[in-house]
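Grab a coffee and your favourite viewer. Here are a few short exercises to work through with the model open.

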Amino acid sequence: MFHSILHFPIWQGGGAPYGYARGAGVLRKIAAQFCPVIDVAVEAADFSGTREQVKAFVTLQKHFAKAKAALDHMPMPILTIGGDCVADYMSLAHALGRYGETMALLWVDAHPDINTPATSPSGNFHGMLVRALMGEGPAAMTALASHKLTANQLFYVGIRDADMDPEEFRIIAAQKIWRTPVAELEAHRWEPLFAEIRRRGFTSVYVHVDSDVMDLADYPQAVVPVPGGVSAKALVAFLQALRANFPLAGGALTEYSLEFSAGPAEEDLARRLLVDGFGIG
Ligand SMILES: [Mn+2]
């Protein structure tokens, strides 16, 4: 299914280290049992470097360049693990470069991550990367994705009104961007989504999963927690159904921060997501 795995525990898109390194370590340990893992080392950063309203701008640029260098030598499709939501910014750019408008992007997350630098309340790039992939944002960031993502290619799964910003509501409505709510996932009603992907003519899907799409009962350590998420069980079943229906252009498991605990329960959840859900076993 996936031909290689990129471990990129970047946290500078999320504003602070939290438990990103520890969570990424758990994911890496499990992934390495099944597939060779390519590592992109992440340095500590100086957060004074806000530029164009994006925190850690230069640090992000430096790390994205390192990720790109690794990706260029990896067989596709690639699964990216670890880090905050920006961990697969370069993986997405890479997949868009390869698959262009034939690829659907499923953004499985509590948040739509579609702010601009001007509308982001935090200045953290992990809330802006979808918009940057669409070509809106600092030129140095948007230039990293040669093929721009369109609203037609974008499908939101599990995003919740409770933690969306006004600009995010605006653009999702204005561009008529698809939304599959948590209740539909929980009920295993994903056929309308799959039918729409087929109707629009996409031949592969890239699936980006932010761990905060899950309910706090199953994953309580989210950096940006939003109540009312999907159960881990339904998320795994969704990923299995997705893989059974479409070839993958790529995937990512991000925001698996383990700030407070990294014991057997957290390892088991990571294993279910990676092995049963993403199918790396
Ligand atoms: Mn999120």
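Each exercise below has a task and then a stepwise solution; keep in mind that this is a predicted model.

**Exercise 1. Work out which residues of helix 2 are buried and how they are arranged around its axis.**

- Start with the helix itself: helix 2 covers residues 57–71, which makes 15 residues. From first C-alpha to last it reaches 21 Å, close to the 21 Å expected at 1.5 Å a residue.
- Next, pick out the buried positions. They are Phe57, Leu60, His63, Phe64, Ala67 and Leu71.
- Now look down the axis. The buried residues of helix 2 fall within an arc of 130 degrees, so they line one face of the helix.
- A bit of background helps here: an α-helix has 3.6 residues a turn, so residues three or four places apart point the same way.
- Turn to the face pointing away from the buried side, and you find Ala65 and Ala69, both exposed.
- Finally, ask what the buried residues pack against: strand 1 (4–7), strand 3 (78–81) and helix 3 (89–99).

**Exercise 2. Find out how strand 1 is joined to strand 2 and strand 3.**

- Take strand 3 to begin with. Four bridges join it to strand 1, and the two run parallel. To see the register, find His7, which stands opposite Ile81 in strand 3.
- Then go to strand 2, residues 37–39. Three bridges link it to strand 1, again in parallel, and here Ile5 stands opposite Val37.
- Last, trace the connection: strand 1, helix 1 (residues 20–31) and strand 2 make a right-handed β-α-β unit.

**Exercise 3. Describe the largest nonpolar core and the surroundings of Phe155.**

- The largest nonpolar core has 96 residues. Those with the most contacts inside it are Leu27, Met103, Phe155 and Val205.
- Which helix gives the most to this core? Helix 3 does, with seven residues.
- Zoom in on Phe155. Leaving out residues up to four places away in sequence, it touches Ala104, Leu105, Leu106, Trp107, Trp178, Leu193 and Ile197.

**Exercise 4. Decide whether Gly263 is buried or exposed, and place it in the chain.**

- Locate Gly263 in the loop between strand 8 (248–254) and helix 10 (264–277).
- Count neighbours. Gly263 has 9 C-beta neighbours inside 10 Å, and the cut-off for exposed is 12 or fewer, so Gly263 counts as exposed.
- Compare sequence with space: Gly263 and Val26 are 237 residues apart along the chain, yet their C-alpha atoms are separated by 9.4 Å.

How values were computed
Residues numbered from 1 in each chain as written. Predicted model: local features only at pLDDT ≥ 70, side-chain atom pairs only at ≥ 80, totals over all residues. Expected span 1.5 Å × (residues − 1). Buried ≥ 20, exposed ≤ 12 C-beta atoms within 10 Å, placed from the backbone. Arc of directions from axis to C-beta. Contact = placed C-beta atoms within 7 Å. Core = buried A, V, L, I, M, F, W, Y, C linked by C-beta atoms within 7 Å. Pairing = 2+ DSSP bridges. Right-handed = clockwise from strand over helix to strand, strands pointing away.
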